[in-house]
Amino acid sequence: MTTMDVANSDRESAAALDRADGLRRFRDRFVFADDGVVYLDGNSLGRAPRDTVVQLVDVVESVWGSRLIRAWSEGWMDLPLRIGDRLGTSLLGAAPGQVAVADSTTVCLYKLASAALAARPGRTEIVTDRDNFPTDRYVLESLAGDRGLTIRWIESDPARGPEPDEVAAVTGSRTALVSFSHVAYRSAFVLDMQAITRLAHDAGALTLWDLCHSAGAMPVELDANEVDLAVGCTYKYLNGGPGAPAFLYVRAEHQRELRQPIWGWLGRREAFEMGDGYERAEGITAMLSGTPPILGLTAAGVGIELVIEAGIAAIREKGIALTEFAIALADGWLAPLGVSVASPRDSSRRGAHVALAHPAARTLCARLIRDGVVVDFRAPDVVRIGLSPLSTSFTDVWDGLDRLRGLLEEEA
Ligand SMILES: *Cc1c(COP(=O)(O)O)cnc(C)c1O
């Protein structure tokens, strides 16, 4: 369909796209309140899988309730690495033993960035971009401040992210660490992970990728791209639930060398010996610190299994179809009303959300939410719509953008 066809289409044409959608049955695997809400924010908090309700009741009643502390040695203690391996091998292109589910994204970033800087003594610079997610910027600023390092900020076009040549221009013999989000949280721009990782390595630096907006939305190839370190959350496209633990990836060849700064008992060799002094555990276990959050891990595991069941290739395909549909509607309906698409038009360079720029974005977002269309405002001028492929329908996109069109027409 061309943009004109889409713009002239009625709601029935969106319903027809839904009927033809191979992932359609997965929508029924999520909890839907009967409130008519159009949810276009699954990239901030994914919907609740129905299985999560069952699994959480089970883990509280049958496991915590009856096995009590015995449950730690009956499987709970293994969950961070077991779920990490499922996530890594099925969705992140990571061989077993390199991914653990733990902490928050922020804490994982801190641990891995700190470990990377310690592994490049004498180098004085960190490369990242001004438009990186706030927590990433703050964590890097904190580490740079403590160590007297300089951050080389890349200022790129806000509708895109840094391209390899922009990274190359500030990366060299002084660079210790190059760190970016794989998919930009505002524009959905997909960075060239392979080229940027390669050029960082050519300069002798390590790379740390934040996968919050790509994990569960598109295939990620950490091993094949020779990524050193990565982190991400499980509560966006992986539907792990509010505050579900994050994940971290440390490439196998770095695991002996890298030391993370939060020396907790559960990252120690023979933790239950409770011995003197910290001696790091073998492998990825050394990246852990304290007691795993079992309820959050259980929910994260359910969300991850649902994504694995649907298949990341099919999810990516639908994410592209949903964002193409949204962009066609935006071009046809909203562009004449002053909205511009602030996400890449090349679908291979775009994640599963779309940024729509308008000077009144802040009030438009507030009104949309009041009217039951849940979107995100992103400063200064973006209405961000997240199109979580397993739970968002083409009709949701149609309804949400139709409501936005109505608001803009009332204004005009
Ligand atoms: C959502 C998000 C985070 C969130 O960090 P938390 O510690 O989980 O709050 C971090 N980085 C990016 C790129 C994100 O999109």
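Reader: Where is T171 found, and why is this residue called buried?

Author: In this predicted model, T171 is found in the loop between α7 (164-168) and β5 (175-181). Its relative accessible area is 14%, and since buried means under 20%, T171 is called buried.

Reader: What does T171 touch, and what makes the pair with V167 a polar contact?

Author: Leaving aside residues up to four places away in sequence, T171 touches V127, V178, L199, A200 and A203. A polar atom of the T171 side chain also lies 2.8 Å from the backbone oxygen of V167, and that distance falls within the 3.5 Å allowed for a polar contact.

Reader: Why is I320 called partly exposed?

Author: I320, which lies in helix α10 (residues 312-334), has a relative accessibility of 23%; because partly exposed covers values between 20% and 50%, I320 counts as partly exposed. Apart from residues up to four places away in sequence, I320 touches S347 and R350.

Reader: How do you know that R27 and D396 form a salt bridge, and what does the pair tie together?

Author: The closest N and O atoms of R27 and D396 are 2.8 Å apart, and a salt bridge requires a side-chain nitrogen of Lys or Arg within 4 Å of a carboxyl oxygen of Asp or Glu, so the pair qualifies. R27 lies in the loop between α2 and β1 (38-39) while D396 lies in helix α12, so the pair ties together parts that are 369 residues apart in sequence. R27 is partly exposed, with a relative accessible area of 25%, whereas D396, at 9%, counts as buried.

Reader: What makes R152 and E125 a salt bridge, and is each of the two residues buried or partly exposed?

Author: Their closest N and O atoms are 3.3 Å apart, which is within the 4 Å limit. R152 lies in strand β4 (residues 150-154) and E125 in strand β3 (residues 125-129), so the pair ties together parts that are 27 residues apart in sequence. R152 is partly exposed, with a relative accessible area of 29%, but E125 counts as buried at 8%.

Reader: Why do E163 and R349 count as a salt bridge?

Author: The side chains of E163 and R349 meet at 3.4 Å, N to O, and because the limit is 4 Å, the pair counts. E163 lies in the loop between β4 and α7 and R349 in the loop between β9 (340-341) and β10 (353-357), so parts that are 186 residues apart in sequence are tied together. By the same rule the count comes to 28 salt bridges, and R370, D371, R403 and E410 are linked in a network of them.

Reader: How do you know that Y235 makes a polar contact with the ligand, and which other side chains do so?

Author: A polar side-chain atom of Y235 lies 2.7 Å from an oxygen atom of the ligand, within the 3.5 Å limit. For T105, an N or O atom in the side chain is 3.0 Å from a ligand oxygen, and for T106 the distance is 2.5 Å. Taken alone the ligand exposes 390 Å², of which the protein buries 86%. Among the residues around the ligand are S104, F133, D136, H213 and K236, and α5 (105-118) and α6 (134-147) each supply at least two residues of this shell.

Key: Residues numbered from 1 in each chain as written. Predicted model: local features only at pLDDT ≥ 70, side-chain atom pairs only at ≥ 80, totals over all residues. Heavy atoms only, no water. Helix = DSSP H or I, 4+ residues; strand = E, 2+ residues; numbered from the N terminus. Buried < 20%, exposed > 50% of the residue type's maximum accessible area, 1.4 Å probe, protein only. Contact = heavy atoms within 4.5 Å. Near = heavy atom within 4 Å. Polar contact = N/O pair within 3.5 Å; in protein donor to acceptor, adjacent residues only side chain to side chain. Areas by Shrake-Rupley, 256 points an atom, 1.4 Å probe, with all protein chains shown as cover.
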